[in-house]
Amino acid sequence: MPRYRFFWAIVYGLLLTAFTVYAALDVFVISRVYVVVESSDASADSDASADADSSADNDSSDAGTTEVAGDDSSSEEIITETSYSDENITITLTEYREYDTSIYVADIVVSSAEYLQTAFAQDSYGRNVTETTSSIAARNNAILAINGDYYGSQQTGYVIRNGVIYRSSAEKNQEDLVIYQDGSMAVINESEISAEQLLSDGASFVLSFGPALVLDGSIAVTEDEEVGKAKTSNPRTAIGLIGELHYVFVVSDGRTDESEGLTLYQLAEFMEALGVTTAYNLDGGGSSTMYFNGQVINNPTTNGRSIKERSVSDIVYIGY
(Lines give C-alpha, C1' and ligand atoms only; values in the text may rest on other atoms or scores of the structure.)
Protein backbone atom coordinates (compact mmCIF):
# COMPACT_ATOMS: atom_id res chain seq x y z
CA MET A 1 0.00 0.00 0.00
CA PRO A 2 2.78 2.56 0.77
CA ARG A 3 4.37 1.85 -2.62
CA TYR A 4 0.97 2.35 -4.29
CA ARG A 5 0.51 5.72 -2.63
CA PHE A 6 4.10 6.67 -3.53
CA PHE A 7 3.42 5.82 -7.20
CA TRP A 8 0.33 8.03 -7.38
CA ALA A 9 2.16 10.82 -5.58
CA ILE A 10 4.81 10.73 -8.34
CA VAL A 11 2.12 10.73 -11.05
CA TYR A 12 0.34 13.64 -9.38
CA GLY A 13 3.61 15.56 -9.10
CA LEU A 14 4.44 15.00 -12.77
CA LEU A 15 0.96 16.09 -13.86
CA LEU A 16 1.12 19.20 -11.70
CA THR A 17 4.56 20.08 -13.10
CA ALA A 18 3.35 19.55 -16.67
CA PHE A 19 0.28 21.73 -16.06
CA THR A 20 2.40 24.48 -14.49
CA VAL A 21 4.85 24.44 -17.40
CA TYR A 22 1.99 24.55 -19.93
CA ALA A 23 0.29 27.41 -18.10
CA ALA A 24 3.54 29.41 -18.11
CA LEU A 25 4.10 28.70 -21.80
CA ASP A 26 0.51 29.62 -22.59
CA VAL A 27 0.85 32.98 -20.84
CA PHE A 28 4.37 33.95 -21.93
CA VAL A 29 5.35 31.96 -25.04
CA ILE A 30 2.58 30.34 -27.07
CA SER A 31 1.25 32.71 -29.73
CA ARG A 32 -2.49 33.06 -30.18
CA VAL A 33 -3.86 35.26 -32.95
CA TYR A 34 -7.33 36.53 -32.15
CA VAL A 35 -7.85 39.11 -34.93
CA VAL A 36 -5.95 39.76 -38.17
CA VAL A 37 -5.87 43.51 -38.77
CA GLU A 38 -6.00 45.34 -42.10
CA SER A 39 -2.73 46.89 -43.20
CA SER A 40 -2.26 50.64 -42.73
CA ASP A 41 -2.79 51.15 -46.45
CA ALA A 42 -6.47 50.48 -45.95
CA SER A 43 -8.63 52.62 -43.71
CA ALA A 44 -10.25 51.01 -40.73
CA ASP A 45 -13.77 49.74 -41.38
CA SER A 46 -16.09 51.24 -38.82
CA ASP A 47 -18.25 48.13 -38.98
CA ALA A 48 -15.28 46.21 -37.60
CA SER A 49 -15.41 48.13 -34.34
CA ALA A 50 -17.29 45.34 -32.66
CA ASP A 51 -15.42 44.38 -29.52
CA ALA A 52 -12.77 41.77 -30.39
CA ASP A 53 -12.42 41.05 -26.68
CA SER A 54 -15.00 38.30 -26.97
CA SER A 55 -12.81 36.45 -29.47
CA ALA A 56 -9.92 36.62 -27.03
CA ASP A 57 -12.05 35.43 -24.13
CA ASN A 58 -13.41 32.51 -26.12
CA ASP A 59 -9.97 31.42 -27.22
CA SER A 60 -8.50 31.68 -23.78
CA SER A 61 -11.63 29.95 -22.01
CA ASP A 62 22.45 58.36 -46.45
CA ALA A 63 23.89 61.56 -45.26
CA GLY A 64 22.94 64.82 -46.98
CA THR A 65 19.60 66.01 -48.24
CA THR A 66 17.49 64.28 -50.83
CA GLU A 67 14.31 65.30 -52.54
CA VAL A 68 12.04 62.69 -53.99
CA ALA A 69 8.57 62.58 -55.40
CA GLY A 70 6.17 61.81 -52.59
CA ASP A 71 3.23 59.44 -52.56
CA ASP A 72 -0.29 59.60 -51.18
CA SER A 73 -0.92 63.05 -49.72
CA SER A 74 2.67 64.27 -49.78
CA SER A 75 3.94 66.26 -52.78
CA GLU A 76 7.65 66.46 -51.96
CA GLU A 77 9.74 64.88 -49.24
CA ILE A 78 12.91 66.51 -47.88
CA ILE A 79 14.91 64.01 -45.88
CA THR A 80 18.19 64.34 -43.98
CA GLU A 81 19.82 62.14 -41.35
CA THR A 82 17.96 64.02 -38.63
CA SER A 83 14.86 65.41 -40.28
CA TYR A 84 11.90 64.75 -42.52
CA SER A 85 9.41 67.16 -44.00
CA ASP A 86 6.63 67.27 -46.52
CA GLU A 87 3.44 69.28 -46.71
CA ASN A 88 1.80 67.27 -43.94
CA ILE A 89 4.56 66.00 -41.65
CA THR A 90 7.63 67.65 -40.12
CA ILE A 91 10.01 65.63 -37.94
CA THR A 92 13.24 66.83 -36.31
CA LEU A 93 15.50 64.45 -34.38
CA THR A 94 17.76 65.68 -31.59
CA GLU A 95 20.06 63.65 -29.36
CA TYR A 96 20.51 64.89 -25.81
CA ARG A 97 22.96 63.88 -23.10
CA GLU A 98 21.33 64.11 -19.69
CA TYR A 99 21.61 62.06 -16.49
CA ASP A 100 24.66 60.26 -17.96
CA THR A 101 22.31 58.90 -20.61
CA SER A 102 21.74 59.31 -24.34
CA ILE A 103 18.18 60.49 -25.01
CA TYR A 104 16.66 60.67 -28.47
CA VAL A 105 13.86 63.12 -29.16
CA ALA A 106 11.69 63.33 -32.24
CA ASP A 107 9.81 66.62 -32.48
CA ILE A 108 6.77 66.10 -34.69
CA VAL A 109 4.25 68.46 -36.24
CA VAL A 110 1.48 67.09 -38.44
CA SER A 111 -1.34 68.72 -40.35
CA SER A 112 -3.83 66.07 -39.29
CA ALA A 113 -4.15 63.49 -36.54
CA GLU A 114 -4.47 60.80 -39.21
CA TYR A 115 -0.65 60.73 -39.53
CA LEU A 116 -0.25 59.57 -35.93
CA GLN A 117 -0.89 55.86 -36.08
CA THR A 118 -0.36 52.52 -34.38
CA ALA A 119 0.26 49.01 -35.68
CA PHE A 120 0.27 45.48 -34.31
CA ALA A 121 3.07 42.96 -34.67
CA GLN A 122 2.38 40.63 -37.60
CA ASP A 123 -0.72 42.74 -38.35
CA SER A 124 -2.49 40.69 -35.70
CA TYR A 125 -4.05 41.25 -32.32
CA GLY A 126 -3.39 38.38 -29.96
CA ARG A 127 -1.40 36.94 -27.12
CA ASN A 128 2.41 36.61 -27.43
CA VAL A 129 2.27 37.86 -31.03
CA THR A 130 5.50 39.84 -31.34
CA GLU A 131 7.89 41.38 -33.86
CA THR A 132 10.68 43.96 -33.70
CA THR A 133 9.73 47.63 -33.83
CA SER A 134 11.78 48.12 -37.00
CA SER A 135 10.04 45.24 -38.78
CA ILE A 136 6.55 46.48 -37.93
CA ALA A 137 7.55 50.02 -38.91
CA ALA A 138 9.05 48.98 -42.26
CA ARG A 139 6.00 46.94 -43.21
CA ASN A 140 3.72 49.88 -42.47
CA ASN A 141 5.95 52.37 -44.36
CA ALA A 142 6.48 54.33 -41.15
CA ILE A 143 8.66 57.41 -41.32
CA LEU A 144 9.18 57.39 -37.56
CA ALA A 145 8.23 54.81 -34.97
CA ILE A 146 8.64 53.86 -31.33
CA ASN A 147 7.59 50.77 -29.46
CA GLY A 148 4.11 50.88 -27.96
CA ASP A 149 2.55 49.59 -24.76
CA TYR A 150 3.26 45.86 -25.24
CA TYR A 151 -0.38 45.06 -24.61
CA GLY A 152 0.35 41.36 -25.21
CA SER A 153 2.22 41.03 -21.92
CA GLN A 154 -1.00 41.67 -20.01
CA GLN A 155 -4.26 39.76 -19.73
CA THR A 156 -6.31 42.87 -18.93
CA GLY A 157 -6.17 46.57 -19.75
CA TYR A 158 -7.89 48.39 -22.58
CA VAL A 159 -6.70 47.93 -26.14
CA ILE A 160 -8.25 50.38 -28.61
CA ARG A 161 -6.66 50.95 -31.98
CA ASN A 162 -8.01 52.97 -34.92
CA GLY A 163 -11.38 53.26 -33.22
CA VAL A 164 -11.72 49.51 -32.67
CA ILE A 165 -11.99 47.90 -29.24
CA TYR A 166 -9.83 44.79 -29.06
CA ARG A 167 -9.87 44.35 -25.29
CA SER A 168 -12.33 45.95 -22.93
CA SER A 169 -11.46 44.23 -19.65
CA ALA A 170 -10.34 46.88 -17.18
CA GLU A 171 -7.28 46.71 -14.93
CA LYS A 172 -7.93 48.25 -11.53
CA ASN A 173 -6.40 51.75 -11.16
CA GLN A 174 -4.63 51.43 -14.52
CA GLU A 175 -3.72 54.80 -16.08
CA ASP A 176 -4.17 54.86 -19.86
CA LEU A 177 -3.27 57.37 -22.54
CA VAL A 178 -6.20 58.24 -24.79
CA ILE A 179 -5.51 59.78 -28.19
CA TYR A 180 -8.67 61.22 -29.66
CA GLN A 181 -9.71 61.63 -33.28
CA ASP A 182 -8.63 65.29 -33.27
CA GLY A 183 -5.16 64.32 -32.03
CA SER A 184 -5.63 65.58 -28.49
CA MET A 185 -4.55 63.47 -25.52
CA ALA A 186 -5.85 62.69 -22.07
CA VAL A 187 -4.94 60.28 -19.29
CA ILE A 188 -7.77 58.25 -17.76
CA ASN A 189 -8.18 55.62 -15.08
CA GLU A 190 -9.73 52.37 -16.28
CA SER A 191 -11.57 52.03 -12.99
CA GLU A 192 -13.52 55.20 -13.77
CA ILE A 193 -14.58 54.78 -17.41
CA SER A 194 -15.37 51.91 -19.76
CA ALA A 195 -13.70 51.20 -23.08
CA GLU A 196 -17.08 51.58 -24.76
CA GLN A 197 -17.52 55.07 -23.28
CA LEU A 198 -14.03 56.06 -24.45
CA LEU A 199 -14.91 54.97 -27.95
CA SER A 200 -18.17 56.91 -27.76
CA ASP A 201 -16.20 59.97 -26.62
CA GLY A 202 -14.08 59.81 -29.78
CA ALA A 203 -11.03 57.79 -28.76
CA SER A 204 -8.93 56.59 -31.69
CA PHE A 205 -6.23 54.89 -29.60
CA VAL A 206 -5.85 53.83 -26.01
CA LEU A 207 -2.39 52.83 -24.78
CA SER A 208 -2.27 50.92 -21.53
CA PHE A 209 1.10 51.03 -19.76
CA GLY A 210 1.91 54.20 -17.84
CA PRO A 211 2.08 55.97 -15.64
CA ALA A 212 1.35 59.52 -16.72
CA LEU A 213 4.57 61.53 -16.52
CA VAL A 214 3.27 65.06 -17.07
CA LEU A 215 -0.28 66.36 -16.70
CA ASP A 216 -1.31 69.96 -17.43
CA GLY A 217 2.36 70.84 -17.84
CA SER A 218 3.39 69.57 -14.39
CA ILE A 219 5.25 66.43 -13.33
CA ALA A 220 2.78 63.73 -12.33
CA VAL A 221 5.09 61.14 -10.71
CA THR A 222 7.06 61.14 -7.49
CA GLU A 223 10.83 60.72 -7.22
CA ASP A 224 10.40 57.20 -5.88
CA GLU A 225 7.71 56.04 -8.29
CA GLU A 226 8.48 53.11 -10.56
CA VAL A 227 6.77 50.56 -12.74
CA GLY A 228 6.32 47.46 -10.63
CA LYS A 229 9.74 47.58 -8.96
CA ALA A 230 12.04 49.68 -6.81
CA LYS A 231 13.38 52.97 -8.12
CA THR A 232 15.88 52.18 -10.86
CA SER A 233 17.41 53.49 -14.09
CA ASN A 234 16.38 51.87 -17.35
CA PRO A 235 15.92 52.45 -21.06
CA ARG A 236 12.64 54.35 -21.48
CA THR A 237 10.08 55.24 -24.12
CA ALA A 238 7.56 58.07 -23.83
CA ILE A 239 5.15 60.08 -25.91
CA GLY A 240 4.10 63.67 -25.26
CA LEU A 241 1.86 66.44 -26.53
CA ILE A 242 3.24 70.00 -26.77
CA GLY A 243 0.36 71.67 -28.58
CA GLU A 244 -2.28 71.04 -31.20
CA LEU A 245 -0.93 68.31 -33.52
CA HIS A 246 2.54 68.85 -32.07
CA TYR A 247 4.07 65.77 -30.44
CA VAL A 248 7.34 64.37 -29.14
CA PHE A 249 8.51 60.78 -29.16
CA VAL A 250 11.29 60.17 -26.62
CA VAL A 251 13.54 57.12 -26.20
CA SER A 252 16.50 56.78 -23.86
CA ASP A 253 19.28 54.23 -23.85
CA GLY A 254 20.23 52.42 -20.66
CA ARG A 255 21.83 49.42 -18.98
CA THR A 256 25.19 50.03 -20.69
CA ASP A 257 28.51 51.63 -19.69
CA GLU A 258 27.72 54.49 -22.09
CA SER A 259 24.18 55.14 -20.85
CA GLU A 260 22.93 54.56 -17.34
CA GLY A 261 19.26 54.99 -18.15
CA LEU A 262 16.51 57.05 -16.56
CA THR A 263 14.22 56.77 -13.60
CA LEU A 264 10.58 57.62 -14.19
CA TYR A 265 11.03 60.93 -12.40
CA GLN A 266 14.07 61.84 -14.53
CA LEU A 267 12.06 61.01 -17.64
CA ALA A 268 9.21 63.18 -16.39
CA GLU A 269 11.63 66.06 -15.65
CA PHE A 270 13.06 65.75 -19.15
CA MET A 271 9.62 65.69 -20.76
CA GLU A 272 8.51 68.70 -18.74
CA ALA A 273 11.61 70.62 -19.92
CA LEU A 274 10.59 69.89 -23.52
CA GLY A 275 7.42 71.87 -22.89
CA VAL A 276 4.83 69.12 -23.02
CA THR A 277 1.40 69.53 -21.53
CA THR A 278 0.82 65.77 -21.39
CA ALA A 279 3.40 62.96 -21.34
CA TYR A 280 2.97 59.24 -20.87
CA ASN A 281 5.36 56.39 -20.18
CA LEU A 282 5.30 53.50 -22.63
CA ASP A 283 6.92 50.08 -22.37
CA GLY A 284 10.65 50.40 -21.63
CA GLY A 285 13.69 48.29 -20.91
CA GLY A 286 14.70 46.08 -23.81
CA SER A 287 11.62 47.20 -25.73
CA SER A 288 12.72 50.85 -25.99
CA THR A 289 13.38 51.48 -29.67
CA MET A 290 13.24 54.49 -32.01
CA TYR A 291 13.12 53.94 -35.77
CA PHE A 292 13.56 56.72 -38.34
CA ASN A 293 13.93 56.66 -42.10
CA GLY A 294 14.65 52.94 -42.24
CA GLN A 295 17.09 52.76 -39.33
CA VAL A 296 17.05 52.12 -35.61
CA ILE A 297 18.35 55.34 -34.04
CA ASN A 298 19.05 54.29 -30.47
CA ASN A 299 20.83 51.31 -28.87
CA PRO A 300 18.18 48.92 -27.60
CA THR A 301 19.31 46.28 -25.15
CA THR A 302 17.75 43.93 -22.66
CA ASN A 303 20.79 42.93 -20.65
CA GLY A 304 23.43 45.54 -21.58
CA ARG A 305 25.72 42.93 -23.10
CA SER A 306 24.36 43.10 -26.64
CA ILE A 307 22.66 45.81 -28.68
CA LYS A 308 19.60 44.18 -30.13
CA GLU A 309 15.92 44.93 -30.50
CA ARG A 310 13.45 43.02 -28.42
CA SER A 311 10.30 41.90 -30.16
CA VAL A 312 7.16 43.72 -29.02
CA SER A 313 3.41 43.60 -29.51
CA ASP A 314 2.87 46.97 -31.17
CA ILE A 315 4.27 50.34 -32.24
CA VAL A 316 3.24 54.00 -32.38
CA TYR A 317 4.33 55.67 -35.59
CA ILE A 318 4.13 58.63 -37.95
CA GLY A 319 3.34 57.88 -41.57
CA TYR A 320 0.80 57.65 -44.32
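Here is a short chat that walks through this predicted model.

Me: Before we start, how are residues numbered, and what pLDDT do local features need?
Reply: Residues count from 1 along each chain as its sequence is written, and side-chain values use heavy atoms, with hydrogens and water left out. As this is a predicted model, totals for chains, interfaces and linings use all residues, side-chain atom pairs count only at pLDDT 80 or more, and local features need pLDDT of at least 70.

Me: How many helices and strands are in the protein chain?
Reply: Both are DSSP runs numbered from the N terminus, with at least four residues (H or I) for a helix and at least two (E) for a strand. On that basis the protein chain has five helices and 22 strands.

Me: What percentage of the 320 residues counts as buried?
Reply: Buried means under 20% relative accessible area, exposed means over 50%, and partly exposed is in between (1.4 Å probe, protein chains only). Of the 320 residues in the protein chain, the buried share is 47%.

Me: Which residues of helix 5 are buried?
Reply: Helix 5 covers residues 264-274. An α-helix has 3.6 residues a turn, so residues three or four places apart point the same way. The buried ones in helix 5 are Leu264, Tyr265, Leu267, Ala268, Phe270 and Met271.

Me: What is the angle between the planes of Tyr96 and Phe270?
Reply: Rings of Phe, Tyr and Trp (its six-membered ring) pair if their centres lie within 6.5 Å; planes under 30 degrees apart are stacked, over 60 edge-to-face, and the rest tilted. A search of the whole structure gives eight aromatic pairs. Tyr96 and Phe270 make an edge-to-face pair, with 5.2 Å from centre to centre and planes at 85°.

Me: Which of the two, Tyr96 or Phe270, is buried?
Reply: Tyr96 has 30% relative accessibility, so Tyr96 counts as partly exposed. The other ring has 6% relative accessibility, so the buried one is Phe270.

Me: Which residues do ring pairs link into a cluster?
Reply: Here the ring pairs join up into a group. Its members are Tyr34, Phe120, Tyr125, Tyr151 and Tyr166.

Me: Which residues form salt bridges with Arg161?
Reply: A salt bridge needs a side-chain nitrogen of Lys or Arg within 4 Å of a carboxyl oxygen of Asp or Glu, and the count comes to six. Arg161 pairs with Asp149, with the closest N and O atoms 3.1 Å apart, and Asp149 sits in the loop between strand 9 (142-147) and strand 10. Arg161 also has a salt bridge to Asp314, again 3.1 Å from N to O. So the partners are Asp149 and Asp314.

Me: Is Arg161 buried or exposed?
Reply: Its partner Asp314 has 0% relative accessibility, so Asp314 counts as buried, and Asp149 is buried at 1%. Arg161 itself has 3% relative accessibility, which means that Arg161 is buried.

Me: How many residues apart in sequence are the parts tied together by Arg236 and Glu226?
Reply: The closest N and O atoms of this salt bridge are 2.6 Å apart. Arg236 lies in strand 17 and Glu226 in the loop between strand 16 (218-219) and strand 17, so the parts tied together are apart by ten residues.

Me: What is the volume of the second largest pocket?
Reply: On a 1 Å grid over the protein atoms alone, a pocket is an open set of points where a 1.4 Å probe fits, with protein on both sides within 12 Å along at least five of seven lines, and lining residues have an atom within 4 Å of a point. Grid points join across faces, edges and corners, and the volume is the space filled by probe spheres set on them. For the second largest pocket that comes to about 540 Å³.

Me: Which residues lie nearest the centre of that pocket?
Reply: The second largest pocket has 29 lining residues. Nearest its centre are Gln154, Phe209, Val227, Asp283 and Gly284.

Me: Which peptide bond is cis?
Reply: Pro211 is in the loop between strand 14 (203-207) and strand 15 (212-215). With omega near 5°, the cis bond runs from Gly210 to Pro211.
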